[in-house]
Amino acid sequence: MDAADVAADLTEVLYTSDQIAGRLTEIAAQIDQDYADKDPLLVGVLNGAVMVMADLTRALHIHCAMDWMAVSSYGMGTHSSGVVRILKDLSTDLVGRHVIVVEDIIDTGLTLSYLMQNLASRNPASLKIMTMFRKPDALKIDIDVTYLGFDLPNQFVVGYGLDYAGRYRNLTDVGILAEHVYS
Ligand code: PRP
């Protein structure tokens with residue numbers, strides 16, 4: 001699905017699939033360089049990171065492994081509490097591994113703040129973050145991002161893994177959702 005398929009639902013296209021692919025090629029080249037001979041483990045956070053994980057890993061020229069976590073926020077609201085429940089844990093032992101956490105988006109930063117503490121306690125050799133998107137104006141906590149795709153405005157954005165009510169994840173472009181869709 002591309003932006004033309006859901007044109008009436010979007011007020012603006014922020015990044016096209018070509019722009020996303022181009023940025024991922026640049027990031028992959030950097031990771032190739034930084035992790036040559038390190039056999040990194042890329043940890044994707046379900047569900048949104050599926051797209052970026054699939055495209056980023058295929059753009060790499062080095063070997064890597066992949067594993068997945070599923071988490072959900074505790075408490076009221078969606079990401080408000082900062083306490084995260086692990087619904088699916090990794091199958092891989094992190095001791096001595098070079099780990100890159102792969103996310104679709106950092107919004108408040110609370111999910112990754114918790115996850116990074118949790119993963120760091122498993123004694124990896126190194127632990128870095130790659131996120132396709134970040135909303136700087138929504139951040140509630142500082143997150144050290146090593147590989148960043150693009151910053152987004154603090155608006156309701158869908159596509160490339162970002163959903164509204166489970167939809168639009170398979171939108172190849174990224175855009176601002178029109179208010180009539182969710183109001
Ligand atoms: C999204 C995203 C991050 C989190 C970021 O996941 O994939 O994991 O929100 O938000 P935060 O920075 O405010 O903590 P979501 O919980 O929407 O689940 P999903 O990946 O299945 O869409």
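Select Gly109 and the ligand to begin: a backbone N or O atom of Gly109 sits 2.7 Å from an oxygen atom of the ligand. Keep in mind as you go that you are looking at a predicted model.

Next, add Arg169. Here the contact comes from the side chain, with one of its N or O atoms 2.9 Å from an oxygen atom of the ligand. Then bring in Asn47, where a polar backbone atom lies 3.1 Å from a ligand oxygen.

Now switch on a surface for the ligand. On its own the ligand would expose 500 Å², and the protein buries 84% of that.

Which elements give two or more residues to the shell around the ligand? Colour strand E5 (98-106) and helix H3 (110-120) to see them. E5 supplies the largest share of the shell, 4 residues.

Show the whole shell next. It holds 15 residues, and Glu103, Asp104, Thr108, Gly109 and Thr111 are the ones that come nearest to the ligand. Coloured by residue character, the shell splits into 4 nonpolar, 6 polar and 5 charged residues.

For the last stop, leave the ligand and select strands E1, E9 and E8. These 3 strands make an open sheet, ordered E1-E9-E8, with antiparallel pairing. Its edges are strand E1 (10-15) and strand E8 (157-158), each of which pairs on one side only. Zoom in on E1 and strand E9 (residues 174-177): the two run antiparallel and are joined by 4 bridges. To finish, pick Tyr15 and look across to Val174 in E9, which stands opposite.

Key
Residues are numbered from 1 along each chain as its sequence is written. This is a predicted model: local features need pLDDT of at least 70, side-chain atom pairs count only at pLDDT 80 or more; totals for chains, interfaces and linings use all residues. Side-chain values use heavy atoms; hydrogens and water are left out. Two strands pair if DSSP finds at least two bridges between them. A residue is near a molecule or strand if one of its heavy atoms lies within 4 Å of it. A polar contact is a pair of N or O atoms within 3.5 Å; within protein, one must be able to donate a hydrogen and the other to accept it, and residues adjacent in sequence count only if both atoms are side-chain atoms. Accessible areas come from the Shrake-Rupley method with a 1.4 Å probe; for residues, only the protein chains shown count as cover. Ala, Val, Leu, Ile, Met, Phe, Trp, Tyr, Cys and Pro count as nonpolar, Asp, Glu, Lys and Arg as charged, and the others, Gly among them, as polar.
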